[in-house]
Amino acid sequence: MDPCRFVADVHLAKVAKYLRILGLDTLYYHEISDDRLVEIANEHGRIVLTRDKELASRSERVYYVSRGTLFEVVQDIVRRFECRCAPLTRCLVDNTPLQKVDKEEVMDRLPPKVRVLFNDFWRCPTCGRIYWHGTHYERMLAFARQVCEIPAQ
Ligand SMILES: [Zn+2]
């Protein structure tokens, strides 16, 4: 089973978002009890990520997340679990794997500038959000490549 499947506790919203940027399957809930987090980990083969020492001592399926910059924290998790990154393949809002879509299909929902500049689009089948390789994407990709030590092409 893939060890890089996580459920982050409520205090790790940003870490969860960045793990999703790396393409790692990471659940996040704005409100959830510690008991439920451990249950999800046990039932679904996930690792709980937390900075709560008490919670971290409860189960082998809970990982105590170190302090540091976002880069250091995320890299520590990637290294610890030997994660294979697939940068920007998941919806950052709800964790769903993205699907490629034809430009024609989403044309009417794109800002005018984007229509002109880009030809490749991905859609989240859960929330419908559309993704393309804009400047924001390039920044996130650079972060992901550095964290995951993926050589630039
Ligand atoms: Zn989505």
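Two strands are taken to pair if DSSP finds at least two bridges between them. In this predicted model, strand β1 (residues 5–8) meets that criterion with strand β3 (residues 47–50), since three bridges link β1 and β3 in the parallel sense. Within this pairing, A8 of β1 has L49 in β3 as its bridge partner.

Strand β1 is also joined to strand β2 (residues 25–28), here through four bridges, and these strands likewise run parallel. V7 stands opposite L27 of β2. The connection between β1 and β2 passes through helix α1 (residues 13–21), and the three elements make a right-handed β-α-β unit.

These elements belong to a chain whose secondary structure comprises seven helices and seven strands. Along the sequence, helices and strands follow the order β-α-β-α-β-α-β-α-β-α-α-β-β-α.

With regard to the chain as a whole, the C-alpha atoms fill a box of roughly 55 × 30 × 25 Å along the principal axes. Of the 153 residues in the chain, 45% are buried. Contacts between residues at least 6 apart in sequence were also examined: 47% of them join residues at least 24 apart.

The accessible surface of the chain amounts to about 9100 Å², and carbon and sulfur atoms account for 49% of that area. As to charge, the chain carries 24 positive and 22 negative charges, and the mean positions of the two sets lie 5 Å apart.

Terms used. Residues are numbered from 1 along each chain as its sequence is written. This is a predicted model: local features need pLDDT of at least 70, side-chain atom pairs count only at pLDDT 80 or more; totals for chains, interfaces and linings use all residues. Side-chain values use heavy atoms; hydrogens and water are left out. Helices (H or I, at least four residues) and strands (E, at least two) are DSSP runs, numbered from the N terminus. Buried means under 20% relative accessible area, exposed over 50%, partly exposed in between (1.4 Å probe, protein chains only). Contact means heavy atoms within 4.5 Å. Accessible areas come from the Shrake-Rupley method with a 1.4 Å probe; for residues, only the protein chains shown count as cover. Lys and Arg count as positive and Asp and Glu as negative; His and the chain ends are not counted. The place of a charge is taken as NZ of Lys, CZ of Arg, CG of Asp or CD of Glu. A crossover is right-handed if, with the strands pointing away from the viewer, the path from the first strand over the helix to the second runs clockwise.
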